[in-house]
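Reader: Please show me the model, and let us then go through its features one at a time, with the criteria stated as they come up.

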Amino acid sequence: MASSCDSGPPAGESSTRKRKHSYCSEPAATKPDSTGFDDNNNVENLKQIVFMQQNVADTEPIIYSRKGIIPVELQSRFESMRAGENFGLRHAQLDPKLQIIFQGQRFQFYSFWPNETSWWRCVHHRLQGCRAMVEIDAEMARVTMQKEQHRHHPVAEKLLECPQGKGVTVFDGDVKTFWLTHGAGNGLSGQFSRNLIIEGQKFYLVKIYKSYISTWHCNKTSSCRAHLSVQGVFQKIKQFDEHNHGPLSEGKMAALLANFNVELDLISIRDKKAQPPDVKPVIARITYDGQEFRLQSNEPDGTRLWRCMWHDLRQCPVTVRMSNSGMKVVPVSPKARHNHPDDIISVYLHEDDRHPVSTAGKDETTLLAITHEMKRRGMIYQGYKYLLATIGDRGDSEWKCVKCETTLQITGLFWIASQQGNHSHGPLTTEEIYAITRKGDNINDLLPSSGVPLSKQALLATLSSPNPNRTFQLHHQGDAMKILQDGFEYYYVCSKPSYSLWRCIYSSIRCCNATLRLLNITQQTSHTPHNHSDELWHLYFTALGQHTIQGLPFHFLIQPTFLRPLPHLIYAGHLFNLDFITEQGSASLWFCADPGCRVALTVTGQFETVSVEGLPHGEPPMARNVQADWIRRFGSSRSF
């Protein structure tokens, strides 16, 4: 756990004497020069400004269009556009409606320049990252290539040409029905916008890759991380991550599809037996010289590049090229050699079963290697699921949590395990573990043991779940947490392997050393005694606003924060923070909020007398408007 149990006061209560506050001083207002430009330099300044504007105008485009739509101010210019000497025109039904065709490829408007030339970029720049760019001359007669070559492939064209309507695919191993629509709907249609609806969830097309794979994200991208990996033209679909919301109702699906003139037609689906999709198999794996290779890319010349299947786990450098006919394969680099002998990758080849492992010198049997997942190995360790990420030159391996960035370093063939980082989520439930293991297996050794502390996020998730046996109340705001028990409040400090530690919220102004231990599993608590009662001091009940003490005016303020209220005083134009109060509240100590200032006020009772020490102040008094702002925010009941 990164946090330490020796941490200081809760967030928001750091010593104000060590930090510069914006309210302590007000910068002097800068008076503008009443004469404006200096008379002697006025003409030269104007010349320089004009010269700079001319330079910018000569080197920067004056109009951009990220989406390829012709801007309103240029529509009259391009309405009369005709095919040129070496390019053609295409008028599409969806945006971008005006396109040019050059060397068999389509381009959309991008920018207009002061010399009346325009730049157009490939229509596949967003989906496939194509950077090809052309320029049309001022007469709109000729096109010249300006930037790089095309980087997209025929599979993208086939996917984008797939018509709207209903189809059948293999979704996570089961035959499912899906709907495909063109455009984003609601008048926001784009030529390459695609929506996929499957299992009542809506996804939109994000990227098309060279390896015949496309990525689709859930339509609720602001909160949901679910996304799809689609092989080829909807031949197979695999979902990653789970939705955090329910599916669309039949009524909403019908209304959504009606915007694209697509019928829902659920009745025919219910009555019709699910049929396997009639698709052509896509070759995504080959064997060459006894080694297995995966498709890397389709090259513009019609050949295909395949890289060793150990490229990800072992960074194997071997790549081969397949001819256009698919009948010949040759290595790209004859000097490249495979780097994954069986003794190095033994952790990958090991059988699926429990294996003993040592953690920090303690022998445990809490590790289970599970079945292959898309040629990747997985394991359950301490209740969390990991996937194999890399294998080192000595056979050591690194495994990554499937839900966060926490990693597990495995030495040798499951000899020693070392966890790096802390999980931002809770462990797997027993039902989730049983779904991976065999029913009836004893999974106690796969559950979290006392050797792994819960992260702050995992602890919050655990304490937020209902439990009628709790003897405390949990309150949280953002990352801050506090516990209320028997009239006392405690803030979170850190987590230990079997418990979490909490400290009294008045550890600063009362130097209270009371701490509370909360057991992770039973959620039982134990605490040390406090040096104060569970009731607030009378000082806190002083009316907000202006008062007098020994004939001198002062303002009493309370700043409400999540952990506890913070009292302040404005005395003689300076802001003071409460630093200490006696057990019965008979006296209190207040320090000036200016950093480095040692001026202190000793107040008796409920502002009966005051004595000042450490004068003079290191900073001048606060400006009147700054004082007024503090009083307005924290000096009246309306502040709460």
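Author: A disulfide is taken here as a pair of cysteine sulfur atoms within 2.5 Å. The model is a predicted one, in which local features need pLDDT of at least 70 and side-chain atom pairs count only at pLDDT 80 or more, while totals for chains, interfaces and linings use all residues. Residues are numbered from 1 along each chain as its sequence is written, and side-chain values use heavy atoms, with hydrogens and water left out.

Reader: Which cysteine has the closest sulfur to that of Cys224, and how many disulfides does the structure hold?

Author: The closest cysteine sulfur to that of Cys224 belongs to Cys218, and at 3.8 Å it is too far for a bond. Cys224 itself counts as buried at 6% relative accessibility, where buried means under 20% relative accessible area, exposed over 50% and partly exposed in between (1.4 Å probe, protein chains only). For Cys122 the closest cysteine sulfur is that of Cys130, 3.7 Å away and again too far for a bond. The number of disulfides in the structure is 0.

Reader: How many salt bridges does the structure hold, and how far apart in sequence are the parts that the pair Glu199 and Lys176 ties together?

Author: With a salt bridge defined as a side-chain nitrogen of Lys or Arg within 4 Å of a carboxyl oxygen of Asp or Glu, the structure holds 6 salt bridges. One of them joins the side chains of Glu199 and Lys176, at 3.8 Å from N to O. Glu199 lies in the loop between strand S10 (194-198) and strand S11 (201-208), and Lys176 in strand S9 (residues 174-182), so the parts tied together are 23 residues apart in sequence.

Reader: How are helices and strands assigned, and what value does phi of Glu199 take?

Author: Helices (H or I, at least four residues) and strands (E, at least two) are DSSP runs, numbered from the N terminus. Glu199 is partly exposed, with a relative accessible area of 44%. Most residues other than glycine have a negative phi. In Glu199, a residue other than glycine, phi is positive, with a value near 55°.

Reader: Where does another residue other than glycine, Asp486, lie, and what is its phi?

Author: Asp486 is placed in the loop between strand S28 (480-485) and strand S29 (488-495). Asp486 is exposed, with a relative accessible area of 59%. Its phi is positive, near 55°.

Reader: Is Arg314 buried or exposed, and how far apart in sequence are the parts that it and Asp393 tie together?

Author: Arg314 is buried, with a relative accessible area of 6%, whereas Asp393 counts as exposed at 62% relative accessibility. Their side chains meet in a salt bridge of 3.1 Å, N to O. Arg314 lies in helix H7 (residues 311-314) and Asp393 in the loop between strand S23 (384-391) and strand S24 (397-401), so the pair ties together parts whose separation in sequence is 79 residues.

Reader: Which residues do salt bridges that share partners join into one network with Asp629?

Author: Arg632 forms a salt bridge with Asp629, their closest N and O atoms being 2.4 Å apart. The two residues are 3 residues apart in helix H11 (residues 624-634), and are thus separated by about one helical turn. Salt bridges that share partners join Asp629 into one network with Arg632 and Arg633.

Reader: Where is Pro616 placed, and what is omega of the cis peptide bond that joins it to Leu615?

Author: Pro616 is placed in the loop between strand S39 (609-613) and H11. Most peptide bonds are trans. The bond that joins Leu615 and Pro616 is cis, with omega about 5°.

Reader: Is Ser455 buried or exposed, and how far is its C-alpha from that of His423?

Author: Ser455 lies in the loop between helix H9 (430-436) and helix H10 (456-464). At 4% relative accessibility, Ser455 counts as buried. Ser455 and His423 are 32 residues apart in sequence, and their C-alpha atoms are separated in space by 5.9 Å.

Reader: In which strand does Phe112 lie, and what distance separates its C-alpha from that of Ile70?

Author: Phe112 lies in strand S4 (residues 105-112) and counts as buried at 8% relative accessibility. Phe112 and Ile70 are 42 residues apart along the chain, and the distance between their C-alpha atoms is 10.0 Å.
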